[in-house]
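Thanks for passing this one along. Here are my notes, in no strict order of priority, for you to check against the coordinates.

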Amino acid sequence: MHRVAVLALEGVAPFELGMPSRVFGNAHAPDGGPLYEVTVCTADGRPVATDAGFTIGVSAGPEALAAADTVIVPPTHSLPGLLRGEPLSQPLADALARIRPGTRIVSICTGSEVLAAAGLLDGRPATTHWVHAPEFRRAFPRVQLDEDVLFVDDGDVLTSAGVAAGIDLLLYLVRADHGSAVANLTARLCVVPPWRDGGQAQYIVRPVPEPTVATTTATRAWALERLGEPIALAELAAHARMSLRTFTRRFRDEVGMTPVQWLTGQRLEMARQLLETSDLPVDLVAHRSGFGSANSLRQHMRSALGISPIAYRRTFQPNSYAPAHH
């Protein structure tokens, strides 16, 4: 059971506060069992006023943050000082400090301001509600803000734009955790689309930084556009305008793995999405995701996931037709 803690702050927006319970509460295993346990908590365990004229009581305090696998911070309109550079209150800072290393941290809408004020977004790509983007950029210059996307996935920290984009992100998390079949059924039960038409932006993982910032982020974005093509390590370094040695060192510092490991992981993720959502033959999936051949894709999937491409597709598309050439 994946434990989710939703942190209700003073002035919280009730709609966004309730979204995690509704989305994760509708995510079930094939046997009908729940996949997530959602707890709503406050920084001190006391009731908080919402921005809708009523107060909510909660069953947990900051101890829920320490026990959670995923922490979600919905928006509040009662902390405008954060955009003026004011620090977090001590109780809130102490509560956030209880989150264990490695916990997945998620913000909905202006909840990103709380993460930014806590230093959790420094040097990282993120998004927020577009209305607040100019103020956000001034208040938190170390954050690589992109207000044009629905949400940003930066590994253990994910941020979403306003309101409905939070639902997009929550469904994305269900899909990442349990695959398209579970996420699609969850979306149907919530009577929302699994993804929005034309929503290519929701699959952008890392926005391109300002040109003056010497990081590997822009090169990662460049590589993501070319996963189906052969990409040599020297090409990546050349794109980043760094020596091979400097690029490899900086890439590892920023991403926590080698460029080759990261590239293989991104190609595997693309292959998984194609297997889950399309009926393309496996050899074409392999070609489009950059593995070159079905045999190469099969070897990488068996090594990383312990399953073949065909078996993986059948897991997420049990009624799919299996093309003859694999």
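The points below go through the sheet, a few side chains and some helix packing.

1. First, a reminder: this is a predicted model, so read the contacts and angles below as properties of a prediction. Residue numbers count from 1 along the chain as its sequence is written.

2. Let's start with the sheet. It is open and has six strands, ordered β2-β1-β5-β6-β10-β9, with mixed pairing. The edge positions go to β2 (36-41) and β9 (151-153); each has a single partner strand, so one side of each has no neighbour in the sheet. On average, neighbouring strands are turned by 15° against each other, if direction is ignored.

3. Strand β5 (residues 70-73) is a good place to look at the pairing in detail. With β1 it runs parallel, joined by three bridges, and Val 71 in β5 is the bridge partner of Ala 5. With β6 it also runs parallel, this time through four bridges, and here Val 71 has Ile 105 of β6 as its bridge partner. So Val 71 appears in both pairings, as the partner of Ala 5 and of Ile 105. As general background, strands in a sheet pair through backbone hydrogen bonds, in either a parallel or an antiparallel way.

4. Which way do the β5 side chains point, and are they buried or exposed? Thr 70 and Ile 72 point one way, Val 71 and Val 73 the other, and all of them are buried. As for what lies over this region, helix α1 (residues 14-25) lies across β1, β2 and β5, and runs at about 165° to β2.

5. Arg 104 deserves a look in the viewer. It sits in strand β6 (residues 104-107) and is buried, because its relative accessible area is 13%, below the 20% cut-off. Its side chain has a polar contact of 3.0 Å with the side chain of Thr 70 and another of 2.9 Å with that of Asp 177. Leaving out residues up to four places away in sequence, Arg 104 touches His 2, Asp 69, Thr 70, Val 71, Asp 156, Leu 158, Leu 173 and Asp 177.

6. Now the other end of that 2.9 Å contact. Asp 177 belongs to helix α6 (residues 164-178). Is Asp 177 buried or exposed? Neither, strictly: at 29% relative accessible area it counts as partly exposed, since that value falls between the 20% and 50% cut-offs. Besides the contact with the Arg 104 side chain, the side chain of Asp 177 makes a polar contact of 2.7 Å with that of Tyr 36. Setting aside residues up to four places away in sequence, Asp 177 touches Tyr 36 and Arg 104. For a sense of sequence versus space, Asp 177 and Gly 33 are 144 residues apart in the chain and 15 Å apart, C-alpha to C-alpha.

7. Helix α3 (residues 90-97) has Leu 92, Ala 95 and Leu 96 as its buried residues. They span an arc of only 95° around the axis, which means they sit on the same side of α3. The face turned away from that buried side carries the exposed residues Gln 90 and Ala 97. What do the buried residues of α3 pack against? They pack against β1 (2-7), α2 (63-67) and α4 (111-117).

8. On aromatics, the structure holds five ring pairs. Take Phe 247 and Phe 251: the ring centres are 5.6 Å apart and the planes stand at 55°, so the pair counts as tilted. Both lie in helix α10 (residues 244-255), and because they are four residues apart there, about one helical turn separates them. Phe 247 and Phe 251 are both buried. Ring pairs also bring in Trp 262, which forms a cluster with these two Phe residues.

9. One last side chain: Ser 296, in helix α13 (residues 294-305). Ser 296 counts as buried because its relative accessibility is 17%. A polar atom of its side chain lies 3.3 Å from the backbone oxygen of Phe 291.

Methods. Predicted model: local features only at pLDDT ≥ 70, side-chain atom pairs only at ≥ 80, totals over all residues. Heavy atoms only, no water. Helix = DSSP H or I, 4+ residues; strand = E, 2+ residues; numbered from the N terminus. Buried < 20%, exposed > 50% of the residue type's maximum accessible area, 1.4 Å probe, protein only. Polar contact = N/O pair within 3.5 Å; in protein donor to acceptor, adjacent residues only side chain to side chain. Contact = heavy atoms within 4.5 Å. Arc of directions from axis to C-beta. Phe/Tyr/Trp six-rings, centres within 6.5 Å; stacked < 30°, edge-to-face > 60°. Pairing = 2+ DSSP bridges. Axes fitted to C-alpha atoms, helices over the stretch in contact; angles between N-to-C directions.
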